[in-house]
Amino acid sequence: MTSLANIDQATPAEIGAVTGMLELHEVDRLFPADLPEPGQWEQRYPPRDLPAEAQVTRLAPSPTGFIHLGGIYTAMIDLSVARETGGRYFVRIEDTDQSREVAGAYEQFDRAFGYFRVVPDEGVGAGGDYGPYRQSERATIYLSYAREMLRSGKAYLCFATADQLTEIRTRQQQLKRPTGYYGEWALWRDADDEAVREQLEKGTPYVVRFRSPGRTEKRATFTDAIRGELSMEDNYNDVVILKSSAGVQLPTYHFAHAVDDHLMRCNLVIRGEEWLSSTALHLQLFEALGFEPPTYAHIALLMKQIPGGKRKLSKRKDPEADVDFYIRSGYPAEAVLYYLRGLANGRLAEIALPEAIAAPISLAECGGAGPLVDLVKLEDISADHIATLSGPQIYGALAVWAGEFDTELHAVIEAHPDQTLAALAVERDGVDNPRKDLRKWSDFREAYGFFFAKLFTPVTADDPRLGGLPPELVRSFAGDFVATYQDLDDSVQWFQQIRDLAAKFGFAANAKEYKKNPEAYPGSIREASQLIRVGLTGSTKSPDLFQIARTLGRDEVIRRISTLTA
């Protein structure tokens with residue numbers, strides 16, 4: 001069969017023998033008269049001037065939905081492989097299904113790529129010599145290659161109606177045959193020329209279908225960069241490559257991806273394993289178009305543990321599947337990337353974060369089993385990372401996050417930077433085992449909000465967090481604390497104030513003594529100190545009480561404990 005590679009040298013008779021449907025001039029009349037020939041696109045997008053070993057990778061999201069965490073996972077691998085080999089990483093937007101486009105998708109793409117530091121070398125907004133990078137803006141290119149497929153007989157016009165297609169599928173199911181448009185079921189594959197002309201004269205809408213060379217018993221074999229040599233059932237369906245002729249003709253994903261990956265000179269396609277079953281078709285399209293196919297690398301999908309097993313991480317069911325979940329929650333990008341890199345290559349989880357972030361990702365080390373996304377593990381990693389940051393580093397990152405997602409908090413910390421840094425220093429500065437109660441920036445309110453008067457809700461004597469102590473006792477204890485309080489520098493002497501008051505009000509000196517005779521005491525020194533802790537922080541759990549009091553200052557300590565006396 002004459003190939004697209006040498007179609008320009010074929011004679012009209014040879015071309016007619018291949019098509020078996022329409023004459024060359026009849027095919028050309030279906031397209032704009034000034035439509036460029038494929039050779040012009042080949043000149044417009046020449047091979048890239050890169051080292052021989054360079055890998056050109058791409059991410060191809062669709063604006064029919066927001067970026068899944070798996071998209072960032074893939075982009076991270078794309079970027080690492082391209083950088084390591086001296087190649088390029090670009091983002092192409094696959095927006096040919098414009099009826100399903102989601103408002104705000106492009107803004108979310110930019111937000112996600114920027115936050116997780118996978119900004120492409122080329123793409124929408126970034127520019128590049130191989131654009132445009134939206135498929136909807138490349139329609140003319142696809143028409144050139146679709147026309148060439150029709151000229152060479154590797155594609156044909158199909159006028160089958162939706163009802164006919166439904167009837168074919170129903171009949172195939174009844175006969176327990178594979179469903180699809182192929183062989184005897186492909187109504188227009190070998191249609192008579194006159195029947196085709198008649199439909200064109202009527203103005204009947206049509207699609208352009210690929211004339212698949214596959215047979216149901218044939219197998220396709222290829223080498224996957226992650227999974228090694230694979231064999232699968234070859235494609236035998238005559239898939240649509242150009243959608244309905246009514247209106248603007250846009251390609252299907254399968255056809256557009258082959259044309260674009262070739263012209264954009266992508267030689268390594270890293271994608272989710274859900275595309276494995278399409279690989280046979282894609283290889284057929286590359287061959288029919290006369291293109292060298294890229295190397296495919298199918299990564300395992302991110303998974304979630306559920307009772308009884310695991311399943312694919314779902315954006316519909318799992319909030320953590322959406323990258324905006326991590327941005328809104330304020331997970332540091334470094335922590336998330338470190339975690340994802342460890343999922344891709346297990347060895348990276350065993351080294352320190354800075355080294356792991358800088359290390360290359362190896363496709364050979366990407367496993368075939370779907371890695372589990374565990375938020376508990378991620379939060380541990382994130383807490384460890386934040387614990388290594390200085391107060392000013394935390395303040396800077398927190399201010400950026402709060403400026404977008406918690407404007408009240410942002411106003412408070414901007415107005416009180418010294419107070420914020422002092423709060424962050426409690427049990428962090430100069431200690432071997434710093435606090436790890438910040439796992440993400442949205443935790444700051446709960447963990448540190450009490451340091452700020454504007455964010456603190458005063459506690460009353462009947463608050464259940466006081467452990468059931470009689471309100472009258474709470475009021476009296478708090479009143480004496482306020483009357484005698486001294487802002488001492490020594491932690492032991494400072495805490496002795498609480499011990500003295502506890503003894504005065506009949507609290508046991510320790511928990512052991514209280515446990516022996518609980519009826520004799522309102523509580524132990526623990527309950528007495530909790531009374532002050534809750535009064536100052538609104539929580540039964542907090543950092544060192546002495547450091548909290550010193551950070552708040554005498555006036556604020558007295559103001560807060562005074563509310564317990566009301």
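The following paragraphs go through the overall form of this protein and then through some of its salt bridges. The model is predicted.

The protein has 566 residues, and its radius of gyration is 34 Å, where a compact globule of that many residues would have one near 24 Å. Along the principal axes, the C-alpha trace spans about 110 × 55 × 40 Å. The secondary structure consists of 24 helices and eleven strands. Of the contacts between residues at least 6 apart in sequence, 72% join residues at least 24 apart.

Burial and surface come next. Of the 566 residues, 51% count as buried. The exposed area of the protein is about 26200 Å², and carbon and sulfur atoms supply 50% of that area.

The protein carries 63 positive and 81 negative charges, and the mean positions of these two sets are 5 Å apart. Across the whole structure, a search finds 43 salt bridges. Three pairs and one network are described here.

One of the pairs is Glu 194 with Arg 197, whose side chains meet at 2.7 Å, N to O. Both residues belong to helix 8, and because they are three residues apart there, about one helical turn separates them. Glu 194 is partly exposed, with a relative accessible area of 48%, whereas Arg 197 is buried at 17%. Salt bridges with shared partners also join Arg 58, Arg 92, Glu 94, Arg 138, Asp 260 and Asp 261 into one network.

Another pair is Asp 190 with Arg 211, with the closest N and O atoms 3.5 Å apart. Asp 190 lies in the loop between helix 7 (162–174) and helix 8 (193–202), and Arg 211 lies in the loop between strand 4 (207–210) and strand 5 (219–224), so this salt bridge ties together parts that are 21 residues apart in sequence. Asp 190 is exposed, with a relative accessible area of 67%. Arg 211 has a relative accessibility of 14% and therefore counts as buried, the cut-off for that class being under 20%.

The last pair is Glu 137 with Arg 134, a salt bridge in which the closest N and O atoms are 3.7 Å apart. That distance is admitted because the criterion asks for a nitrogen within 4 Å of a carboxyl oxygen. Glu 137 is partly exposed, with a relative accessible area of 47%. Arg 134 is partly exposed as well, with a relative accessible area of 23%.

Note on methods: Residues are numbered from 1 along each chain as its sequence is written. This is a predicted model: local features need pLDDT of at least 70, side-chain atom pairs count only at pLDDT 80 or more; totals for chains, interfaces and linings use all residues. Side-chain values use heavy atoms; hydrogens and water are left out. Buried means under 20% relative accessible area, exposed over 50%, partly exposed in between (1.4 Å probe, protein chains only). Helices (H or I, at least four residues) and strands (E, at least two) are DSSP runs, numbered from the N terminus. The radius of gyration is taken over C-alpha atoms; the globule rule is 2.2 Å times the number of residues to the power 0.38. Contact means heavy atoms within 4.5 Å. Accessible areas come from the Shrake-Rupley method with a 1.4 Å probe; for residues, only the protein chains shown count as cover. Lys and Arg count as positive and Asp and Glu as negative; His and the chain ends are not counted. The place of a charge is taken as NZ of Lys, CZ of Arg, CG of Asp or CD of Glu.
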